[in-house]
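User: I am new to this structure and would like a close look at a single part of it. Please go through that part step by step and give the cut-off behind each term.

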Amino acid sequence: HTDEGNLPIHAILRYNKIYNSKFGSPNTPTAGFGNLAAGGLIQFYYNLLYNGASSAIECYTHILGEVDIYNNTMYCDATHGTTYGDIYLRYGGNVVCKNNLIIKDFLSARYTIFNQNDTALTDDYNDYYQYDNVGGSFRNYLNGTSYFTLSTWTTASSQGVHSIAADPLFTDLAGLDFTLDPSS
């Protein structure tokens, strides 16, 4: 986690493998950001996050600076990611989420993105996918409404215009090999 103490810091977090965060009270996300002052910038690039106790990424306080989440692979299996979504935006902020694989095994009433504030997120060029969801492979949340197709999400949020909702075809998901199959 980073908590910038309301300072406008600049930080780069990249090429990390972050997994199996703490269960308990409270459950912890795999990566969390908070209290970034205006003018600050967190760059979160090329990371592998899997099986976080509550979510893959969480912005748990007001973000007045910018958090850039680019080129990451995020995965929560059916027993992890229990707090709403792989990406959980509880408060407003400036979160830019692009070119990520945001993947989840279906867990009742859980989402790939859970956004409680429509001004918090700019997202595009992502792949959102839920395995084993009888209602479909897409499930996002925005301001009290659930969206079950990428097209309804895009229309309602003006986000994800170039995104897809497709199985990324990991080489061996059961063995936690997140490389992509050549047919992906």
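Is Phe114 buried or exposed, and what is its relative accessible area?

Analyst: This is a predicted model, in which local features need pLDDT of at least 70 and side-chain atom pairs count only at pLDDT 80 or more, while totals for chains, interfaces and linings use all residues. Residues are numbered from 1 along each chain as its sequence is written, and side-chain values use heavy atoms, with hydrogens and water left out.

Phe114 is buried, with a relative accessible area of 5%. Here buried means under 20% relative accessible area, exposed means over 50%, and partly exposed is in between (1.4 Å probe, protein chains only).

The ring of Phe114 takes part in a stacked aromatic pair with Tyr141, at 3.9 Å centre to centre and with 5° between the planes. Rings of Phe, Tyr and Trp (its six-membered ring) pair if their centres lie within 6.5 Å; planes under 30 degrees apart count as stacked, over 60 as edge-to-face and the rest as tilted. Phe114 belongs to strand 13 and Tyr141 to strand 16 (residues 140-142), so this pair ties together parts that are 27 residues apart in sequence. Strands (E, at least two residues) and helices (H or I, at least four) are DSSP runs, numbered from the N terminus. Tyr141 has 16% relative accessibility and therefore counts as buried.

By the ring rule, the count comes to 13 aromatic pairs. One of them joins Phe114 to Tyr88; this pair is tilted, with 5.5 Å centre to centre and 40° between the planes. Tyr88 lies in strand 10 (residues 85-89) and Phe114 in strand 13 (residues 111-115), so the contact links parts that are 26 residues apart in sequence. Tyr88, at 5% relative accessibility, counts as buried.

The backbone around these rings comes next. Strands of a sheet pair through backbone hydrogen bonds, either parallel or antiparallel. For two strands to pair, DSSP must find at least two bridges between them. Strand 10 and strand 13 pair in the parallel sense over 4 bridges, and Ile87 stands opposite Ile113 of strand 13. Strand 10 also pairs with strand 7 (residues 57-59), again in the parallel sense, over 3 bridges. Tyr88 of strand 10 is the bridge partner of Glu58. Strand 10 is mostly covered, since 5 of its 5 residues are buried.

Aromatic rings also meet elsewhere in the model. Tyr19, Tyr50, Tyr75, Phe170 and Phe178 are linked by ring pairs into a cluster. In the backbone, Tyr75 stands opposite Ile103 in strand 12. Strand 12 (residues 101-105) runs parallel to strand 9, and 4 bridges join them. Strands 9 and 12 are among the 5 strands of an open sheet with parallel pairing, in the order 3-6-9-12-15. Strand 3 (17-19) and strand 15 (127-131) are the edge strands, each pairing on one side only. From one strand to the next, the twist averages 10°; axes are lines fitted to C-alpha atoms, for helices over the stretch in contact, and angles run from 0 to 180 degrees between N-to-C directions.

Two asparagines complete the picture. Asn71 lies in the loop between strand 8 (66-70) and strand 9 (73-76). Its phi is near 60°, a positive value in a residue other than glycine, and Asn71 counts as partly exposed at 22% relative accessibility. Asn35, found in strand 4 (residues 31-36), also has a positive phi, near 55°.
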